[in-house]
Amino acid sequence: MDLDACVQNRRSCKFYRRKNVPLDLIGEVLDAGTFAPSAANLQNWEFIVVTDHAKREDISHACLKQTWMIDAPVHIVICNDQKRVTPLFPERGRLYSSQACALACQNMMLKAEDLGLGSCWVGGFDADAIRRLLNIPSGL
């Protein structure tokens, strides 16, 4: 699919087929995220792939009870490592690090569209609950 088609056709999907997504396609989506621009090319993101149904259910509850998420066969949690960015950009590092993660997410959603996969950005969540569920270190 060409870029214009991906940009124009991508929609937030909240209904998913009950099918597993092959690992090679997940890898392609993750690769697209790694090509996103970031301040000073610091690539301050970490990606966590969650396919376990129980974990996806717990995540959906930590995302303000957005239970539609449970049916998505894969959750990709994007972690922001601000400490990679703030030493170089003390005043704007928090902003730059968040922007980089958002750009990585956009790349991944466009790649998902290119591969015929639905996706949806989820920005509402309890960060502490997600951190506990996935054993994410406190610095991320």
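**Reasoning behind the assignments in a predicted model**

Modeller: By class, 32 nonpolar, eleven polar and three charged residues make up the lining of the largest pocket. The model is predicted.

Biologist: What makes a residue such as Cys120, one of those closest to the centre of that pocket, count as nonpolar?

Modeller: Cys is on the list of residue types that count as nonpolar, so Cys120 belongs to that class. The pocket itself has a volume of about 1,400 Å³. Of the 46 residues that line it, the closest to its centre are His75, Ile76, Val77, Cys120 and Val122.

Biologist: Which elements each supply at least two residues of the lining, and where does the largest share come from?

Modeller: The elements are α2 (23-34), β2 (75-80), α4 (93-114) and α5 (127-134). The largest share, seven residues, comes from α4.

Biologist: Why is serine 38 called buried?

Modeller: Its relative accessibility is 15%. Buried means under 20%, so serine 38 qualifies as buried. The residue lies in the loop between α2 and β1 (45-50). Not counting residues up to four places away in sequence, serine 38 touches Gln43, Asn44, Trp45 and Ala100.

Biologist: How do you know that the side chain of serine 38 reaches leucine 42 in a polar contact?

Modeller: The distance from that side chain to the backbone nitrogen of leucine 42 is 3.2 Å. A polar contact requires N or O atoms within 3.5 Å, and the pair of serine 38 and leucine 42 therefore satisfies the cut-off.

Biologist: Why, then, is leucine 42 described as partly exposed?

Modeller: Its relative accessible area is 24%. Since buried means under 20% and exposed means over 50%, leucine 42 falls in between. Its place is also in the loop between α2 and β1. Leaving aside neighbours within four places in sequence, leucine 42 is in contact with Arg84, Val85, Leu88 and Phe89. Leucine 42 and methionine 69 are 27 residues apart in sequence, and 30 Å separates their C-alpha atoms.

Biologist: Why is asparagine 41, in the loop between α2 and β1, called exposed?

Modeller: Its relative accessible area is 54%, and exposed means over 50%, so asparagine 41 is assigned to the exposed class. Phi of asparagine 41 is near 55 degrees, a positive value in a residue other than glycine.

Biologist: What makes lysine 65 exposed, and what is its phi?

Modeller: At 61%, the relative accessible area of lysine 65 is over the 50% cut-off, so this residue is exposed. Its phi is near 60 degrees, again positive in a residue other than glycine. Lysine 65 lies in the loop between α3 (53-62) and β2.

Biologist: Why is aspartate 81 called buried, and which side chains does it join in polar contacts?

Modeller: A relative accessible area of 7% is under 20%, so aspartate 81 is buried. Its side chain makes a polar contact of 3.0 Å with the side chain of lysine 83 and another of 3.1 Å with that of arginine 84. Aspartate 81 lies in the loop between β2 and α4. Beyond four places in sequence, aspartate 81 touches Asn44, Gly139 and Leu140.

Biologist: How do you know that the buried residues of α5 line one face of the helix?

Modeller: The buried residues in α5 are Ala129, Ile130, Leu133 and Leu134. Seen down the axis, they fall within an arc of 115 degrees, and therefore they line one face. They pack against β1, α3 and β2.

Biologist: What places the buried residues of α3 on the same side of that helix?

Modeller: In α3, Arg56, Ile59, Ser60 and Ala62 are buried. They cover an arc of only 160 degrees around the axis, so they are on the same side. What covers them includes β1, β2 and α5.

Biologist: Which residues cap the N-terminal ends of α3 and α5?

Modeller: Aspartate 52 caps α3, with a side-chain oxygen 3.2 Å from the backbone nitrogen of alanine 54. Aspartate 126 caps α5, with a side-chain oxygen 3.1 Å from the backbone nitrogen of aspartate 128. As for what follows each helix, leucine 64, just after α3, takes a positive phi of about 60 degrees, and asparagine 135, which follows α5, has a positive phi near 55 degrees.

Technical notes:
Residues are numbered from 1 along each chain as its sequence is written. This is a predicted model: local features need pLDDT of at least 70, side-chain atom pairs count only at pLDDT 80 or more; totals for chains, interfaces and linings use all residues. Side-chain values use heavy atoms; hydrogens and water are left out. On a 1 Å grid over the protein atoms alone, a cavity is a set of points where a 1.4 Å probe fits but cannot get out, and a pocket is an open set with protein on both sides within 12 Å along at least five of seven lines; lining residues have an atom within 4 Å of a point. Grid points are joined across faces, edges and corners, and a volume is the space filled by probe spheres set on the points. Helices (H or I, at least four residues) and strands (E, at least two) are DSSP runs, numbered from the N terminus. Buried means under 20% relative accessible area, exposed over 50%, partly exposed in between (1.4 Å probe, protein chains only). A polar contact is a pair of N or O atoms within 3.5 Å; within protein, one must be able to donate a hydrogen and the other to accept it, and residues adjacent in sequence count only if both atoms are side-chain atoms. Contact means heavy atoms within 4.5 Å. The arc is that of the directions from the helix axis to the C-beta atoms.
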